[in-house]
Amino acid sequence: MGKINVKIAQAHENQMRNFDVQREIKSVQNYFDTTELDFNSEAVSLMFLRGQYNDFAKTMNTALVFVNKMGQKISELHGVIHTNTEGIQFAKTTIDFDEEFMGVLCDNEGLLVHLNIPVRGLEGNRTFTEKELEVQFADVRVTYANK
């Protein structure tokens, strides 16, 4: 399969001075290094890591990793995130990452991002793990970086 190197968006690189961000990147990288993960080749896959639901805001802060297995560098990533769990409605989430935000995502790299997704059907604060939610990434479009 090959090792996946986890990084954050180019627009957030200044956050790498923050100890908590460094710790999260290290933790996510360790997860990728020690867990047997099977990603589709010639695709960009989405890995849901966790979600923190805030009942007051009615949103879930999600930690996601977009994994490039396209065989070449990409400079733009577009698609729709669908989350399906019976009795809970998650808003359809469209992402449009351009090169200015994302930078260039090389083959076998994962882009760690946090997104707030509106949610209905939950009461009380709650944490979701990767095993509790079915998350799909559809209508994916990429722009290849200049070689």
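**Notes on strand β6 and a few backbone details**

1. In this predicted model, strand β4 (residues 74-85) and β6 run antiparallel and are joined by 5 bridges. One position to look at in this pairing is Ile81, which stands opposite Thr93 in β6.

2. Do stay with β6 for a moment. Side chains in a regular strand alternate between the two faces of the sheet. Here Thr93, Ile95 and Phe97 point to one face and are buried, whereas Thr94 and Asp96 point to the other face and are not buried.

3. Asp96 deserves a second look. This residue lies in β6, which spans residues 93-97, and joins Asp98, Glu99 and Glu100 in a patch of negative charge on the surface.

4. You may want to check two phi values, given that most residues other than glycine have a negative phi. Lys58 is not a glycine, yet has a positive phi of about 60 degrees; Lys58 sits in the loop between β2 (44-54) and β3 (59-68). With 40% relative accessibility, Lys58 counts as partly exposed.

5. The second case is Asp139, with a positive phi near 50 degrees. Asp139 belongs to a strand, β9 (residues 134-144). Its relative accessible area is 58%, so Asp139 is exposed.

6. Lastly, a loop glycine: Gly124 is found between β7 (109-120) and β8 (126-129). Gly124 counts as partly exposed because its relative accessibility is 27%, which falls between the 20% and 50% cut-offs. The C-alpha atoms of Gly124 and Tyr53 are 8.1 Å from each other, although the two residues are 71 residues apart along the chain.

Key
Residues numbered from 1 in each chain as written. Predicted model: local features only at pLDDT ≥ 70, side-chain atom pairs only at ≥ 80, totals over all residues. Heavy atoms only, no water. Patch = residues over 30% accessible without salt bridge, like charges linked within 9 Å, V, L, I, M, F, W, Y side chains within 5 Å. Areas by Shrake-Rupley, 256 points an atom, 1.4 Å probe, with all protein chains shown as cover. Salt bridge = Lys/Arg side-chain N within 4 Å of Asp/Glu carboxyl O. Lys, Arg positive; Asp, Glu negative; His and termini not counted. Charge placed at Lys NZ, Arg CZ, Asp CG, Glu CD. Helix = DSSP H or I, 4+ residues; strand = E, 2+ residues; numbered from the N terminus. Buried < 20%, exposed > 50% of the residue type's maximum accessible area, 1.4 Å probe, protein only. Pairing = 2+ DSSP bridges.
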